[in-house]
Amino acid sequence: MATMHGVRALLFDVFGTVVDWRGGVAREAASFLRRHGAGSVDPFAFADAWRACYQPAMEAVRSGRRPFTRLDVLHRENLDSVLRQFGLDPDLAPASELDELNLAWHRLDPWPDVVAGLTRLKAGFIVAPLSNGNIVLLLDMAKRAGLPWDAILGAEVVGAYKPMPEAYLRTAEVLALRPEQTCLVAAHNGDLAAARECGLRTAFVPRPGENGPNQSADLRPEQLWDVIAVDFDALAGMLGV
């Protein structure tokens, strides 16, 4: 049994760790693309291109080039850019339809082990997201998918995007916990490394299907994290809940 002595909260990366962003976005993009005469576009390529805009958009906030802006707004701005990449003019689509497609990020499916695993983990720990997602995005996602969070802490609560230290430290502070009383659960080694630098404990759960069949990153732990588990159910067993 892995030890998490003193840890009171398990905080979860969401996109990729808890939910399958690629499959969910591709599903909804496929319908949109067919309706707009672009049915030949690979919806997974579209999802990948949209996701590729994610870090650059947040970096504009992290660097101070723009004030904190919630992820829904960044995603919506990025959508226009991605449509143009695939030869579609966003100005020719109704704004309401583009806004609805943007909500694909609110309707992502959890990985098969997630709901049962979180329910087990909730019996022994506070469970909450530590995500770059905004509150209403995470709330809609949780309601649809049945994610049993104890609290929903969107990025606007801390006003910072990971991997900025404030994202980790302020989340612990909001919960009135010291960093070492929290553990980040993530499928991304870089996220865990940033959390460890801030004093959080770390748990690695790989999601080898996150980026599709050619995924090459985050297939295995790159450091000796506090806990390494194959999925959330195994994590619960290792933590004794």
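**Exercise 1. Cysteines**

Decide whether C53 is buried or exposed, and establish how many disulfides a search of the whole structure finds.

*Solution.* The relative accessibility of C53 is 13%, and C53 therefore counts as buried, where buried means under 20% relative accessible area, exposed means over 50%, and partly exposed lies in between, with a 1.4 Å probe and protein chains only. This is a predicted model, in which local features need pLDDT of at least 70 and side-chain atom pairs count only at pLDDT 80 or more, while totals for chains, interfaces and linings use all residues. Residues are numbered from 1 along each chain as its sequence is written, and side-chain values use heavy atoms, with hydrogens and water left out.

The next step is the search for disulfides. A disulfide is a covalent bond between the sulfur atoms of two cysteines, and the criterion here is a pair of cysteine sulfur atoms within 2.5 Å. The search of the whole structure finds zero disulfides. C183 is accordingly in no disulfide, and the nearest cysteine sulfur, that of C198, is 14 Å away. C183 is also buried, with a relative accessible area of 0%.

**Exercise 2. Strand β5 and its sheet**

Determine how many of the residues of strand β5 are buried, and which strands pair with β5, in what sense.

*Solution.* Helices (H or I, at least four residues) and strands (E, at least two) are DSSP runs, numbered from the N terminus. In strand β5, which spans residues 182-186, five of five residues are buried.

In a regular strand the side chains alternate between the two faces of the sheet. In β5, T182, L184 and A186 lie on one side, with C183 and V185 on the other, and both faces are covered.

Strands of a sheet pair through backbone hydrogen bonds, either parallel or antiparallel, and two strands count as paired if DSSP finds at least two bridges between them. Strand β1 (residues 9-12) runs parallel to β5 and is joined to it by four bridges, with F12 having V185 as its bridge partner in β5. Four bridges also connect β5 with strand β6 (residues 201-204), again in the parallel sense; here V185 has A203 as its bridge partner in β6, and L184 stands opposite T202.

The wider sheet can now be assembled. It is an open sheet of five strands in the order β4-β1-β5-β6-β7, with parallel pairing. Because β4 (126-129) and β7 (227-228) stand at the edges, each with a single partner strand, one side of each is left without a neighbour in the sheet.

Finally, the connection between β5 and β6 has a handedness: together with helix α10 (residues 189-197) the two strands make a right-handed β-α-β unit. The crossover is called right-handed if, with the strands pointing away from the viewer, the path from the first strand over the helix to the second runs clockwise.

**Exercise 3. The largest cavity and the largest pocket**

Find the volume of the largest cavity and that of the largest pocket, and say how the lining residues of each divide by character.

*Solution.* On a 1 Å grid over the protein atoms alone, a cavity is a set of points where a 1.4 Å probe fits but cannot get out, whereas a pocket is an open set with protein on both sides within 12 Å along at least five of seven lines; lining residues have an atom within 4 Å of a point. Grid points are joined across faces, edges and corners, and a volume is the space filled by probe spheres set on the points.

The largest cavity has a volume of about 60 Å³. Its lining includes P129, N132, L153 and K162, and the elements that give two or more residues to it are α8 (155-158) and α9 (165-174). The lining divides into seven nonpolar, four polar and one charged residue, where Ala, Val, Leu, Ile, Met, Phe, Trp, Tyr, Cys and Pro count as nonpolar, Asp, Glu, Lys and Arg as charged, and the others, Gly among them, as polar.

The largest pocket has a volume of about 250 Å³. Of its 13 lining residues, the closest to the centre are D13, Y54, Q55, N132 and H188, and α3 (54-62) and α10 are the elements that give two or more residues. This lining divides into four nonpolar, five polar and four charged residues.
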